[in-house]
Amino acid sequence: MSSNTQLHLFGSLKKTMEDQYDIPILFGLDVPTPLIDVLARFNIPLEMVQLAMVNHRAVPIASVIHPGDRLSLFPREYIVFTDWKDFRF
């Protein structure tokens with residue numbers, strides 16, 4: 001069953017995408033999907049992303065996004081707090 005998943009973009013990522021989509025972007029997922037595949041779905045280059053958070057928690061690039069999750073992506077220009085350094089892409 002598909003469930004609306006939210007994609008929140010910040011900084012330059014938001015500026016790049018807001019001409020194409022309403023922010024946050026709501027999209028359907030039928031099954032758990034690798035984060036890298038979600039980036040590809042929206043043509044977001046990995047090199048533009050510094051940090052991803054799923055349901056308000058920093059996650060590594062190898063994470064899987066589940067239907068109904070809230071995914072937030074932060075660009076390279078954002079400051080990353082010390083406790084998130086292990087999650088930088």
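Helices and strands are taken here as DSSP runs, with at least four residues required for a helix and at least two for a strand, and they are numbered from the N terminus. On this basis the chain, which is a predicted model, has a secondary structure that comes to 2 helices and 7 strands. Read from the N terminus on, these elements follow the succession β-α-β-β-α-β-β-β-β.

Of the 89 residues that make up the chain, 36% count as buried. The accessible surface of the chain was computed to be about 5,300 Å², and 53% of this area belongs to carbon and sulfur atoms. With regard to the contacts in the chain that have a separation of 6 or more, 67% are accounted for by residues that lie 24 or more positions apart.

An open sheet is formed by 5 strands, arranged in the order S2-S1-S7-S4-S5 and with mixed pairing. The edges of this sheet are occupied by strand S2 (25-29) and strand S5 (57-59), each of which pairs on one side only. Neighbouring strands of the sheet are turned against each other by 30° on average, when direction is ignored. In general, the strands of a sheet pair through backbone hydrogen bonds, and the pairing may be either parallel or antiparallel.

Both kinds of pairing are found around strand S1, which spans residues 3-9. Strand S1 runs parallel to strand S7 (residues 70-75), to which 4 bridges join it, and within this pairing Gln 6 has Arg 70 of S7 as its bridge partner. To S2, by contrast, strand S1 is joined by 5 bridges in an antiparallel arrangement, in which Ser 3 has Leu 29 of S2 as its bridge partner. Leu 29 also belongs to the covered face of S2, together with Ile 25 and Phe 27, whereas Leu 26 and Gly 28 make up the uncovered face of this strand.

At the surface, Ile 36, Leu 46 and Ile 61 make a nonpolar patch of about 210 Å². One of these residues, Ile 61, is placed in the loop between S5 and strand S6 (64-65). The relative accessible area of Ile 61 is 32%, and this residue is therefore classed as partly exposed, a class that lies between the limit of under 20% for buried residues and that of over 50% for exposed ones. Because residues of a patch must have over 30% relative accessible area, the 32% computed for Ile 61 satisfies this criterion.

Technical notes: Residues numbered from 1 in each chain as written. Predicted model: local features only at pLDDT ≥ 70, side-chain atom pairs only at ≥ 80, totals over all residues. Heavy atoms only, no water. Buried < 20%, exposed > 50% of the residue type's maximum accessible area, 1.4 Å probe, protein only. Contact = heavy atoms within 4.5 Å. Areas by Shrake-Rupley, 256 points an atom, 1.4 Å probe, with all protein chains shown as cover. Pairing = 2+ DSSP bridges. Axes fitted to C-alpha atoms, helices over the stretch in contact; angles between N-to-C directions. Patch = residues over 30% accessible without salt bridge, like charges linked within 9 Å, V, L, I, M, F, W, Y side chains within 5 Å. Salt bridge = Lys/Arg side-chain N within 4 Å of Asp/Glu carboxyl O.
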